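Subject: Structure handover

Hello,

Here is the structure I said I would pass on. Please open it beside this email and follow the residue numbers as you read.

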Amino acid sequence: MMMLRCGGSPAGPGGPTPAVYTVTPSAGPFIGGTRVTISGANFAAGAAVTIGGVAATEVVVESASSISAKTGPAVPGPADVAVTVEGRTGALPGAFTYLAVSGEPPAITSIVARGTRPNEPRSFADTGEEVTVVATVADSDTPAEQLVFLWTSDAGVFTETGASVKWRAPSDVAIPATVTLSLSVADHTGNTATGSTTVKVHDSVKEVGDLAREFLLDFSDSEKSPAVVVRNFSKSPRCEKERDDEFSQIEENRRLYRIRSSSIGPANVSVWFGSRPCSYVPRDGDACAAIPATWDSVCRTADPACIPGRSEGIDHVTAVYEDTQWRLCASYFQPRGPARPSFIR
């Protein structure tokens, strides 16, 4: 008498008959190309797989109880899944369903561009920076690996193809610049879908440095009002207190001092996007700038709080990235030698 095994054929000489228990996923397009995982028993190296009588491809025996394979093309409808090992076959009837073509085009649900620096904002790039662009696409008729992706952009260069690609921002554009990244996706039937996203391209070191130096140059002109001097500071809650403090300090400086001459050096800028604090107080910011500065001033009044002379040191300025642009957040003057009372913090 022959022994029967679940999901398999009668046991015969030479070894146990394979058994098929489940197939995941259990459905895919009739054109084939769906990668499935078959669970069962008594699998072995050299196993052959058929789905709906069609030989599967890329068969990998992962263990005695698991096989991965890719479906071939077949007629839409239920299909038996069979595993054969050395002439012994086990099958699970109707374990996989070949789906008819819906005729619907691919659907691009999202396109996300992001750089590799910690906390770097989405849709941001510095000039020459390489960012990763990932598209999420759904298509009921075509397996993901059979979709054809065509990426284009106003500027910059794509270096890969597929759903996840690398894009290098241009180095020769007027900044800040808005660059559109466009995607066209085609399935095996010729249906296409299009989508796009934009990336704001900056030269952060230059932009933050220019803002910080402009702030100090404005401060060096005693005829400019505090409102003008702090016009490039963020008004967000993140920086509100620091901006108000800076405004008050400039008001006090204007009341007591008249700056006769000044020297504002180049800015040394680091961009962290808040992933680490700046090396001075105030520390919070997405970028940190340090600028050597010297001011020679005289007193406007006889107020004893005014001590005329030279103030020299490093002015530290923080900046934040908000609403696709850089804004200043806070300033801290670190004098060389004793601080001049009421001149600037």
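Below are notes on one helix, one buried residue and a set of paired strands.

Please keep in mind that this is a predicted model.

The helix is α3, which covers residues 240–256 and has 17 residues. From its first C-alpha to its last it reaches 25 Å, close to the 24 Å expected at 1.5 Å a residue. Its buried residues are R243, E246, Q249, I250, N253, R254 and L256. What do these buried residues of α3 pack against? Their partners include two helices, α1 (204–220) and α2 (226–229). They also pack against the strands β18 (257–264), β20 (287–299) and β22 (325–335).

Next is T197, which you will find in strand β17 (residues 192–202). Is T197 buried or exposed? T197 has a relative accessible area of 14%, and because buried means under 20%, it counts as buried. Leaving aside neighbours within four places in sequence, T197 is in contact with I111, S123, V179, T180 and L181.

One of those contacts, I111, leads to the paired strands, since β10 covers residues 107–114. Strand β10 pairs with strand β12 (residues 130–138) in the antiparallel sense, over seven bridges. In this pairing, A113 stands opposite V133 in β12. Strand β12 is also joined to strand β15 (residues 164–168), by five bridges, and these two run antiparallel. There, the bridge partner of E130 is R168 in β15.

As background for looking at these strands, in a regular strand the side chains alternate between the two faces of the sheet.

Regards

Note on methods:
Residues are numbered from 1 along each chain as its sequence is written. This is a predicted model: local features need pLDDT of at least 70, side-chain atom pairs count only at pLDDT 80 or more; totals for chains, interfaces and linings use all residues. Side-chain values use heavy atoms; hydrogens and water are left out. Helices (H or I, at least four residues) and strands (E, at least two) are DSSP runs, numbered from the N terminus. The expected span of a helix is 1.5 Å times one less than its number of residues. Buried means under 20% relative accessible area, exposed over 50%, partly exposed in between (1.4 Å probe, protein chains only). Contact means heavy atoms within 4.5 Å. Two strands pair if DSSP finds at least two bridges between them.
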